[in-house]
Amino acid sequence: MHRFIQLHCDKKHQDVPKKKGVLEVSFKEESLCELPYHICEECETLFIYGYGKLKNCPHEHKPSCRKCPDPCYDKPMWKKMAQVMSFSGMQLGLTKIRKIFSK
Ligand SMILES: [Zn+2]
């Protein structure tokens with residue numbers, strides 16, 4: 001998800017001032033890794049919100065949120081996240097295709 005938001009912000013918010021930060025990802029009080037990011041405030045809010053929700057997800061085996069039986073996102077945030085995901089998914093898809101062609 002981190003990559004998706006970063007990519008979305010790079011492409012879509014080129015003119016928006018960006019903030020640098022590091023998000024510490026932890027699970028059950030244990031620090032797993034740190035994710036450096038460089039995104040705008042709007043994306044940062046979404047990013048932190050998304051990770052907070054992921055962390056508190058009650059499901060043992062995380063279903064993809066799209067298929068989650070009880071999505072924990074608030075509607076407006078979920079809509080935004082869905083947009084970011086589909087945009088970046090497409091971008092990543094395109095990047096892949098471009099790489100294949102340039103070989
Ligand atoms: Zn952004």
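Is Glu44 buried or exposed, and what is its relative accessible area? In this predicted model, Glu44 has a relative accessible area of 12%, and because buried means under 20%, the residue counts as buried.

**Surroundings of Glu44**

Glu44 lies in helix α2, which covers residues 41–55. When residues up to four places away in sequence are set aside, the contacts of Glu44 are with Lys19, Tyr37 and Ile39.

**Cysteines and burial**

Two cysteines, Cys9 and Cys43, also count as buried, with relative accessibilities of 0% and 3% respectively, while the structure as a whole holds zero disulfides. The table sets these values beside that of Glu44.

| Residue | Relative accessible area | Class |
|---|---|---|
| Glu44 | 12% | buried |
| Cys9 | 0% | buried |
| Cys43 | 3% | buried |

**The protein as a whole**

The protein is built from three helices and two strands, and these elements follow one another from the N terminus in the order α-β-β-α-α. Of the 103 residues in the protein, 31% are buried, and the accessible surface comes to about 7,700 Å², with carbon and sulfur atoms accounting for 56% of that area. As for contacts along the sequence, if one takes those between residues at least 6 apart, 55% of them join residues that are at least 24 apart.

Notes: Residues are numbered from 1 along each chain as its sequence is written. This is a predicted model: local features need pLDDT of at least 70, side-chain atom pairs count only at pLDDT 80 or more; totals for chains, interfaces and linings use all residues. Side-chain values use heavy atoms; hydrogens and water are left out. Helices (H or I, at least four residues) and strands (E, at least two) are DSSP runs, numbered from the N terminus. Buried means under 20% relative accessible area, exposed over 50%, partly exposed in between (1.4 Å probe, protein chains only). Contact means heavy atoms within 4.5 Å. Accessible areas come from the Shrake-Rupley method with a 1.4 Å probe; for residues, only the protein chains shown count as cover. A disulfide is a pair of cysteine sulfur atoms within 2.5 Å.
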